[in-house]
Amino acid sequence: MTVQTERPPSGPTEVLKTDGGGPRGPRASRRAGAFAPYLLLLPAVAATLLLLGWPLLNNGLLSFQNLNMRQFILHLTEWNGIDNFKEVLTGEDFWRVTGRSIVFTAANVVLIMLLGTLTGLLLTRLSKRMRTFLLVGLVLAWAMPVIAATTVYQWLFAQRFGVVNWVLAKAGFDSMADYNWTGSQYSTFFVVLVLIVWQSIPFVAINLYAATTTIPKELYEAASLDGASAWKQFTQVTLPFLRPFLYATTFLEVIWVFKAFAQVFALNEGGPDRLTEILPVYAYIEGIGNQHFGMGAAISLLTILVLLGVTSFYLRIVLKQSEDEL
């Protein structure tokens, strides 16, 4: 016996309704999901605008004012247009300090990347116990506050009772027994350079070691079977994997060293005779030290523009090399 069942209608099915009566389907879900990343970024963007954008806007307004101690006390607002920028750009001090800052940054970044890379590669060759010991030392050096580290280096390079002068005198360099490391431009920069390089090596070394752990070991095994030397393995296997990391780390180090205010100012306040001032120190001394707040604001804005120019020049070189490799 045949049982007949009712055939379902061939027309379109009824659209499901939500409680509010609107359509609910995959298109609405995709639309809501497209806005989710922007909603997650909203707190970070708001914090950035509040903590960075608002001070930068106020600093820009100050750069167009004649704001000295008199105006500051009497709450006077005297707009002077671009006179602050004209005075800075037509003077020799700004360009001298700018050139000094660029050379200072380049010397530090080259040493940081070279020594940091060598230290990171050394970590890959050490045993587990020695690697842990070295990593702990690097983390402790990295975690030390900037002012505390600068104070320690002031003690190390002190003219009297300094450890460095004592060691050099014991080694036979009697003329270095009472040497004043902060008495000349180059010796002061040498101390600052050693301090900044010492503080920056842990960041480069630890991150480079972490990057080497992502390289497949099969590539090294294949290179060994092909008879590649250790140098060939580094240039043909290790370096291509580490190149993006090196580019990004160099970019970060350029920014960090260029704005190294605390080390230079705390060590010798840009002395002697303002010969070790870099742009952040120059802006502080002209603005806060000499109480020319509008002038200091203008110098700080020009410092940001110089930093953007230096980093954009570096990024253009990196992008060009990446295009050539492709």
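In the predicted model, Phe234 is partly exposed, with a relative accessible area of 21%, whereas Trp231 reaches 61% relative accessibility and therefore counts as exposed, the cut-off for that class being over 50%. Both residues belong to helix 10 (residues 230–258), where they stand three residues apart and are thus separated by about one helical turn.

Aromatic contacts recur in the structure, which holds 13 aromatic pairs. One of these is formed by Tyr179 and Trp181, whose ring centres lie 5.0 Å apart; because their planes meet at 80°, the pair is edge-to-face. Of the two partners, Tyr179 is partly exposed at a relative accessible area of 28%, while Trp181, at 10%, is buried. The rings of Trp231 and Phe234, in turn, have their centres 5.7 Å apart, and since the angle between their planes is 35°, this pair is classed as tilted. Tyr179 and Trp181 are also members of one aromatic cluster, which they form together with Tyr153, Phe157, Phe190 and Trp198.

Aromatic side chains also contribute to the protein surface, where Trp54, Phe64 and Trp79 join Leu57, Leu61 and Ile82 in a nonpolar patch of about 640 Å². Within this patch, Leu57 is located in helix 1 (residues 26–62), and its relative accessibility of 46% places Leu57 in the partly exposed class, as this value falls between the limits of 20% for buried and 50% for exposed residues.

Technical notes
Residues numbered from 1 in each chain as written. Predicted model: local features only at pLDDT ≥ 70, side-chain atom pairs only at ≥ 80, totals over all residues. Heavy atoms only, no water. Patch = residues over 30% accessible without salt bridge, like charges linked within 9 Å, V, L, I, M, F, W, Y side chains within 5 Å. Areas by Shrake-Rupley, 256 points an atom, 1.4 Å probe, with all protein chains shown as cover. Salt bridge = Lys/Arg side-chain N within 4 Å of Asp/Glu carboxyl O. Helix = DSSP H or I, 4+ residues; strand = E, 2+ residues; numbered from the N terminus. Buried < 20%, exposed > 50% of the residue type's maximum accessible area, 1.4 Å probe, protein only. Phe/Tyr/Trp six-rings, centres within 6.5 Å; stacked < 30°, edge-to-face > 60°.
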